[in-house]
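The exercises below are to be worked through with the sequence and the coordinates side by side. Each task is followed by a solution that proceeds step by step.

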Amino acid sequence: MTSAGPVRRRRVLVAHPGAERYGSDRMLLESVRGLTQAGDALVVALPSEGPLAGDLRAAGAQVRIVASPVLRKAALRPAGFARLILDAATSLGPSLRLLRGRPDVVYVSTLTIPLWVLLGRLTGRRLVVHVHEAERTTNRMVGLALTAPLLLADRVLVNSRFSTEVLLESIPRLADRCRVVLNGVEGPTAPAPARRDRPDVLRLLYVGRLSARKGPDVLLAAARILRRARVPVTVRLVGTVFAGYEWYERQLRAEYAPEIADGTVDLVGFRDDIWPELAWADVAVVPSVLPEPFGNTAVEAALAARPVVVSDVGGLPEAVAGSAGAIAVRPGDADA
């Protein structure tokens, strides 16, 4: 009997728009772990060094730093659009050099780096795009511009049924190439038991970006309502702002300066390990004002055996479906 010879490892080039450890970053890491465990050889293109880069190397991937234009709302303005074009021109050469390694598959993480989608198709590579966004916009042309690059993909992975619905509202033709792959969220080894006695002070926890769309201000307003009703409550916000949105944190700190001063509101910044924070909490809150594509933090609260209050919007109800400890309320409504 003759040997069939060694099986060639599939080469996968992965492109991702950031190097932090928030929702889509963590999901990218899980995808990379799955691919390396399957025997694939991975090169991951990131725009900068950061915590995610070390995690990817530990997972067995090579990391290459390649600047890439990232779609932001600022790109809708003339100056922002000009910057986007300049960034695309600057990153074109380094991106093509990676593609000359002739990967078998180009895996593009998120909708926000369309240049990789275009280059993957132009170089004839098999192209997979993993969508983590659900940007429902009233401007049909903006919606088309965001989703049109997906027509170049061989396969579109989408992180929820809600996200898929949003995509198909813009381009129904994408239906045949879309596959829903719910986010895989890893839980703690052993959830810390909740406090069984009625607490003297109710502990409320928010985990996520500090941004207006995520609604931490709604939680802080709800806490004030509880205090006026003589319910002692303390709030902990775990997370940071996107670069350029520092004004939002300054606004929160100014508006809730009395509570910050007396310790009933605490902005603790980013925490890589959120399980101690959830162990501290009595209730987790995901108060998003605008639709979330899925809701990793809501799933994490359930895995930590904590009740969670979520906004009844986007993919959040889908994320906590079947969880007896989840309650959905009107988005943006502190009384609710």
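**Exercise 1. Place Glu165 in the predicted model and classify its exposure.**

Solution. The model is a predicted one, and in it Glu165 has a relative accessibility of 45%. Buried requires a value under 20% and exposed a value over 50%, with partly exposed in between, so Glu165 counts as partly exposed. The residue belongs to helix 6, which spans residues 161–170. For its position relative to a residue elsewhere in the sequence, take Arg136: Glu165 and Arg136 are 29 residues apart along the sequence, while their C-alpha atoms lie 9.6 Å apart in space.

**Exercise 2. Determine which residues of helix 6 are buried and what covers them.**

Solution. Begin with the buried set, which consists of Phe162, Ser163, Thr164, Val166, Leu167 and Ser170. Then look for the elements that cover these residues, which include strand 5, helix 5, strand 6, strand 7 (178–180) and helix 12.

**Exercise 3. Describe how helix 5 and helix 6 cross, and list the residues that meet.**

Solution. Two packed helices are described by the angle between their axes and the distance between the axes. For helix 5 and helix 6, the axes come within 9 Å and cross at roughly 110°. Angles of 65 to 115 degrees count as roughly perpendicular, and helix 5 and helix 6 are therefore roughly perpendicular to each other. Their crossing is left-handed. On the helix 5 side, Arg140, Gly143, Leu144 and Thr147 take part, and they meet Leu167, Glu169 and Ser170 in helix 6. Sorted by class, the residues of this contact comprise 2 nonpolar, 3 polar and 2 charged.

To follow one participant further, consider Thr147, which lies in helix 5 (residues 140–147). Its relative accessibility is 5%, so Thr147 counts as buried. Leaving aside residues up to four places away in sequence, Thr147 touches Leu167, Ser170, Ile171 and Leu174.

**Exercise 4. Carry out the corresponding analysis for helix 1 and helix 2.**

Solution. The axes of helix 1 (residues 23–37) and helix 2 (residues 51–58) come within 10 Å and cross at roughly 15°. Since angles under 35 degrees count as roughly parallel, helix 1 and helix 2 are therefore described as roughly parallel to each other. The handedness of the crossing of helix 1 and helix 2 is right-handed. In this contact, Asp25, Leu28, Leu29 and Val32 of helix 1 meet Leu52, Asp55 and Leu56 of helix 2. By class, the contact has 5 nonpolar, no polar and 2 charged residues.

**Exercise 5. Identify which residues of the largest nonpolar core touch the most other members, and which elements contribute to this core.**

Solution. The largest nonpolar core has 26 residues, of which Val108, Trp116, Val129, Val131, Leu150, Val156 and Leu167 touch the most other members. Two or more residues each come from strand 1 (11–15), helix 3 (78–99), strand 4 (105–109), helix 4 (114–122), strand 5 (126–131) and strand 6 (155–158). Among the contributors, helix 4 gives the most, with 4 residues. A second, separate core has 20 residues, including Ala19, Leu42, Ala59 and Val128.

As a closer look at one member of the largest core, Val108 touches Ala15, Ile113, Trp116, Val117, Leu127, Val128, Val129 and His130, once residues up to four places away in sequence are not counted.

**Exercise 6. Is His132 buried or exposed, and which residues does His132 touch?**

Solution. His132 is located in the loop between strand 5 and helix 5. With a relative accessibility of 9%, His132 counts as buried. Its contacts, not counting residues up to four places away in sequence, are with Ser24, Met27, Ser109, Thr110, Asn159, Asn183 and Pro293.

**Exercise 7. Examine the surroundings of Val268 and of helix 11.**

Solution. Val268 lies in strand 10 (residues 265–269) and is buried, with a relative accessible area of 17%. Val268 and Val238 are 30 residues apart along the chain, yet their C-alpha atoms are separated by 5.5 Å. Beyond residues up to four places away in sequence, Val268 touches Arg236, Leu237 and Val238.

In helix 11 (residues 296–303), the buried residues are Asn296, Ala298, Val299, Glu300 and Ala301. These pack against helix 1, helix 10 (275–280), strand 11 (283–286), strand 12 (308–311) and helix 12 (316–319). Helix 11 is followed by Ala305, which has a positive phi near 65°.

How values were computed
Residues numbered from 1 in each chain as written. Predicted model: local features only at pLDDT ≥ 70, side-chain atom pairs only at ≥ 80, totals over all residues. Heavy atoms only, no water. Buried < 20%, exposed > 50% of the residue type's maximum accessible area, 1.4 Å probe, protein only. Contact = heavy atoms within 4.5 Å. Axes fitted to C-alpha atoms, helices over the stretch in contact; angles between N-to-C directions. Parallel < 35°, antiparallel > 145°, perpendicular 65-115°, else oblique. Left-handed = near helix turned anticlockwise from the far one by under 90°. Nonpolar A, V, L, I, M, F, W, Y, C, P; charged D, E, K, R; others polar. Core = buried A, V, L, I, M, F, W, Y, C linked by side-chain atoms within 4.5 Å.
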